[in-house]
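The exercises below are meant to be worked through with the sequence and the model side by side. Each task is followed by a solution that proceeds in steps.

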Amino acid sequence: MDTRHLKAFLKIADTGSISRAAESLGIAQPSLSQQLLRLEDEVGTALFRRTPRGVALTEAGRGFSGNNQRVLQA
């Protein structure tokens with residue numbers, strides 16, 4: 001698992017928006033969306049619930065977020 005994808009995941013979780021996260025990271029929104037889809041495919045579950053107003057962490061996403069914040073801080 002690429003740390004770049006983990007950082008992107010955490011930025012999306014923090015902002016609640018793929019578009020705002022992409023802007024903050026300095027990458028295109030479609031590219032970030034593809035990274036997220038690959039990450040979700042790799043972990044085998046949806047990490048976010050997509051809504052018209054942005055994204056919200058699923059239960060699996062909340063667990064994944066907590067684990068990866070600790071990993072990236074180490």
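**Exercise 1.** How many helices and how many strands does the protein have, and what pattern do they follow along the sequence?

*Solution.* The model to be examined is a predicted one. Assigning the secondary structure gives four helices and two strands. Reading these elements along the sequence then yields the pattern α-α-α-β-β-α.

**Exercise 2.** Determine how the axes of helix α1 and helix α2 are oriented with respect to each other, and state the hand of their crossing.

*Solution.* Begin by locating the two elements, with α1 covering residues 3-15 and α2 covering residues 18-25. Their axes come within 8 Å and cross at roughly 125°. Angles of 65 to 115 degrees count as roughly perpendicular and those over 145 as roughly antiparallel, and α1 and α2 are therefore oblique to each other. The crossing of the two helices, finally, is right-handed.

**Exercise 3.** Which residues of α1 meet which residues of α2, and how do they divide by class?

*Solution.* On the side of α1, the residues involved are Ala8, Lys11, Ile12 and Thr15, and they meet Ile18, Arg20, Ala21, Ser24 and Leu25 of α2. Sorted by class, this contact comprises five nonpolar, two polar and two charged residues.

**Exercise 4.** Describe the protein as a whole in terms of burial, accessible surface and contacts between residues far apart in sequence.

*Solution.* Taking burial as the starting point, 35% of the 74 residues count as buried. The accessible surface comes to about 4600 Å², and carbon and sulfur atoms hold 48% of that area. Among contacts with a separation of 6 or more, 45% are accounted for by residues 24 or more positions apart.

Definitions and conventions. Residues are numbered from 1 along each chain as its sequence is written. This is a predicted model: local features need pLDDT of at least 70, side-chain atom pairs count only at pLDDT 80 or more; totals for chains, interfaces and linings use all residues. Side-chain values use heavy atoms; hydrogens and water are left out. Buried means under 20% relative accessible area, exposed over 50%, partly exposed in between (1.4 Å probe, protein chains only). Contact means heavy atoms within 4.5 Å. Accessible areas come from the Shrake-Rupley method with a 1.4 Å probe; for residues, only the protein chains shown count as cover. Axes are lines fitted to C-alpha atoms, for helices over the stretch in contact, and angles run from 0 to 180 degrees between N-to-C directions. Angles under 35 degrees count as roughly parallel, over 145 as roughly antiparallel, 65 to 115 as roughly perpendicular and the rest as oblique. A crossing is left-handed if the near helix is turned anticlockwise from the far one by less than a right angle, and right-handed if clockwise. Ala, Val, Leu, Ile, Met, Phe, Trp, Tyr, Cys and Pro count as nonpolar, Asp, Glu, Lys and Arg as charged, and the others, Gly among them, as polar.
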